[in-house]
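Q: Hi! I have a structure open and would like to talk through a few things in it. Can you help?

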Amino acid sequence: MKKSLLDYTLRIRLPIVLFVAIAASVATYFISRAERDGVGYAPVQPIAFSHKLHAGTMRIDCKYCHTGVTSSPNAMVPPASTCMNCHNVARKNKPEIIKLTKFYQDSAAIPWKRVHKVPDYAYFNHSAHVNKGIDCANCHGKVENMDVVQQVSEFTMAACLNCHRNATTQLANVPNIKNGPTNCSACHR
């Protein structure tokens, strides 16, 4: 009896358990990956918004719109009300501003398509990086030169570890910068 139960377990149960474990790992990997294809990803947004105009030409600081960047793990995508601080008056008759105004009047969130995203299984805190003096462009590129924002850096474990291990050389312009943590629990919580 014992031999047949062991034989049954090895022949039937073990392959099923292994299959389920591998299938779950593969599914988690693809479901939780960073958005789309990574570098070069530039989705069409519901409202054409130019960072080149706002952050570049007009020199609006990233922190004005992305209010959580210094105090939260998330940078925060601005609500329509933030945009309307200026667009209640400025360029009201432009087609994209008319769309924006409609979202605002309907108290509806603008369905922006996320461009930059670390995988769901990794923890990232914007404020920890920004408050150390690390410039947004180090990860997001020169968005002030982009009419359409695109992902310019990989958001992979290798890319993050490379920066954490070499911060003192890669970010030498940041005063008092130290290498970041490289232990697993720093990002995988």
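Q: Let's start with Ile22. Is Ile22 buried or exposed?
A: Ile22 is exposed, with a relative accessible area of 54%. That passes the cut-off, because exposed means over 50%. Keep in mind that this is a predicted model.

Q: Okay, and which helix is Ile22 found in?
A: Ile22 belongs to helix α1, which covers residues 2–32.

Q: What kind of patch does Ile22 form on the surface, and with which residues?
A: A nonpolar one: Leu10, Leu14, Leu18 and Val26 are the other members, and together with Ile22 they have about 450 Å² of accessible area.

Q: Now the inside. Which residues make up the largest nonpolar core?
A: There are six: Ile47, Ala80, Cys83, Met84, Leu100 and Ile110. Helix α4 (residues 80–87) gives the largest share of this core, with three residues.

Q: And what does Ala80 touch?
A: Leaving out residues up to four places away in sequence, Ala80 touches Leu100, Tyr104 and Ile110.

Q: New topic: how many disulfides are there in the whole structure?
A: Zero turn up in a search of the whole structure.

Q: Why is there no bond between Cys139 and Cys163?
A: Their sulfurs are too far apart for a bond: Cys163 has the closest cysteine sulfur to that of Cys139, and the distance is 6.5 Å. A disulfide needs the two sulfur atoms within 2.5 Å.

Q: What about Cys184, how far away is the nearest cysteine sulfur?
A: It is 9.1 Å away, in Cys187, and Cys184 is in no disulfide. Cys184 is also exposed, at 62% relative accessible area, while Cys139 counts as partly exposed at 31%.

Conventions:
Residues are numbered from 1 along each chain as its sequence is written. This is a predicted model: local features need pLDDT of at least 70, side-chain atom pairs count only at pLDDT 80 or more; totals for chains, interfaces and linings use all residues. Side-chain values use heavy atoms; hydrogens and water are left out. Patches are made of residues with over 30% relative accessible area and no salt bridge: like charges are joined within 9 Å, nonpolar side chains (Val, Leu, Ile, Met, Phe, Trp, Tyr) within 5 Å. Accessible areas come from the Shrake-Rupley method with a 1.4 Å probe; for residues, only the protein chains shown count as cover. A salt bridge is a side-chain nitrogen of Lys or Arg within 4 Å of a carboxyl oxygen of Asp or Glu. Helices (H or I, at least four residues) and strands (E, at least two) are DSSP runs, numbered from the N terminus. Buried means under 20% relative accessible area, exposed over 50%, partly exposed in between (1.4 Å probe, protein chains only). A nonpolar core is a set of buried Ala, Val, Leu, Ile, Met, Phe, Trp, Tyr and Cys residues joined through side-chain atoms within 4.5 Å. Contact means heavy atoms within 4.5 Å.
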